[in-house]
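Q: Please take a close look at one part of this model with me. I am new to this, so I would like each term explained as we go.

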Amino acid sequence: MTDDSEFVAQEVFTALADPTRRAILAALSTGGPATATDLAASLPISRQAIAKHLGLLADAGLITAVRGERRRIRYRLDSTPMRVAQRFLAALARDWDGPLAALKEHLDDDISGHRDAGGVAEGSRGTADPGEGPDPGT
């Protein structure tokens with residue numbers, strides 16, 4: 001992954017770390033382009049707080065501001081940075097798939113190698129019901 005892609009992914013993850021920004025993105029995703037006032041009406045925070053979060057989302061490239069009629073600014077999603085972050089996560093997952101599969105195979109072999117002829121795993125002996133065996137009160 002290039003340095004630029006890593007920077008974009010870092011910006012996306014930083015933006016997504018905040019639940020309010022995720023709520024703003026969800027609102028734009030379901031409702032389409034909206035103004036800060038529109039978003040403030042549907043979210044439990046002030047218009048000023050919405051504006052601050054919109055600025056951070058715009059800095060991360062996740063939204064774009066589009067001037068509309070009467071100088072109203074509508075915000076819309078831009079999925080390009082999200083796709084960069086998805087590729088980053090996919091590459092990270094691929095890096096982990098091999099080692100995790102090898103660990104699973106090792107653990108599965110270890111468990112099956114510790115089973116005795118009766119199919120009981122070692123270490124599970126001695127787990128008799130409390131009612132069995134000598135009476136602890138005698």
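A: Helices (H or I, at least four residues) and strands (E, at least two) are DSSP runs, numbered from the N terminus. Leu 100 lies in helix 5, so let's start there. This is a predicted model, where local features need pLDDT of at least 70, side-chain atom pairs count only at pLDDT 80 or more, and totals for chains, interfaces and linings use all residues. Residues are numbered from 1 along each chain as its sequence is written, and side-chain values use heavy atoms, leaving out hydrogens and water.

The protein has five helices and two strands, arranged along the sequence as α-α-α-α-β-β-α. Helix 5 covers residues 80–113 and, with six residues, gives the most to a nonpolar patch. On the surface, that patch is formed by Phe 13, Leu 89, Leu 92, Trp 96, Leu 100, Leu 103 and Leu 107. Patch members have over 30% relative accessible area and no salt bridge (like charges are joined within 9 Å; nonpolar side chains, meaning Val, Leu, Ile, Met, Phe, Trp and Tyr, within 5 Å). A salt bridge puts a side-chain nitrogen of Lys or Arg within 4 Å of a carboxyl oxygen of Asp or Glu.

Together, the patch residues have about 640 Å² of accessible area (Shrake-Rupley method, 1.4 Å probe, with only the protein chains shown as cover for residues). Why does Leu 100 count as partly exposed? Because its relative accessibility is 46%, between the cut-offs for buried (under 20%) and exposed (over 50%), with a 1.4 Å probe and protein chains only.

For the wider picture, the protein exposes about 9800 Å², 55% of it from carbon and sulfur atoms.
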